[in-house]
Amino acid sequence: LFLVYHVDVFVSVYEISQSAFRLGEVVFLVWNSVNDPLFGWLSDRTALHSKHSGPGHDAVFRRISAIKRCGPLFAASFLLLWYAWPWPGLQFIVCLCLYDGFLTVIDLHHTALLADMAITLADRTRLEFSCSLFNAIGTLSLFASYFVWDRTHLLSFRLVCILLGIISALGFVFSSSVLSRAYRQLNVGSAKKHDDAMVIDSTTAWLGSPSTLPSSLSSSSSSTAEAT
């Protein structure tokens, strides 16, 4: 919705001047070329290089936490567009930069999660399919918006955008919480299996070593061997 309607809103509804529109596009082009590598470096530095340790500070949890924090802010930046400010030129620059900035952060962490959480090709394929499916479902809101879009009367369109913004913010929080809980349970299960395997290996090594057998059992075994 943002990409489809933002030019029409600023040009036809807010009547932004040509000079302010061009200035906003130039600022946005510079910001868009800078924020991708900058946020990519910051996201990897934050997620992969932490002073903390332990499962609660795992890179996956930090990425999920970043999405949970930035998701509602991304939805709020989407809503800023649909209400006119006294200075349309300033609003144009702020809305474009905020929207693209939060979108970049969420996109970076979301894409990295696919590689961090799925090791096998089958798992990654399944995750990619789920992402594509829900992306397709999300585009249905764009088709629905055409029925309420009217540049001379934006009330209905604004109400739809507010509803979508609230649903998106809640969706980010809910899905991040569910994903974090599921990954934590997976880690606990993996750790338990690893501990069980270590116990079995230790027990096997202990039983297989004659020096670790009790003296009475060792003497009995020697007597039996001599008798045979």
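**Pockets and a nonpolar patch**

Good morning. The largest pocket encloses about 1,800 Å³ of space; a pocket is an open set of points on a 1 Å grid over the protein atoms alone, where a 1.4 Å probe fits, with protein on both sides within 12 Å along at least five of seven lines. Its volume is the space filled by probe spheres set on the points.

This is a predicted model, in which local features need pLDDT of at least 70 and side-chain atom pairs pLDDT 80 or more, while totals for chains, interfaces and linings use all residues. Residues are numbered from 1 along each chain, and side-chain values use heavy atoms, without hydrogens and water.

The lining of the largest pocket, meaning residues with an atom within 4 Å of a point, comprises 37 residues, with F134, N135, G138, S168 and F172 nearest the centre. Helix α7 contributes the most, 9 residues; helices here are DSSP runs (H or I) of at least four residues. By class, this lining has 25 nonpolar, 11 polar and 1 charged residues.

The second largest pocket has a volume of about 180 Å³. Its lining has 13 residues, and S43, T46, A66, R69 and H109 are the closest to its centre. Helices α2, α3 and α4 each supply at least two residues of that lining.

Finally, which residue of helix α6 should we consider? L140 is found there, and counts as exposed because its relative accessibility is 52%, exposed being over 50% relative accessible area with a 1.4 Å probe and protein chains only. Thank you.

Methods
Ala, Val, Leu, Ile, Met, Phe, Trp, Tyr, Cys and Pro count as nonpolar, Asp, Glu, Lys and Arg as charged, and the others, Gly among them, as polar. Buried means under 20% relative accessible area, exposed over 50%, partly exposed in between (1.4 Å probe, protein chains only).
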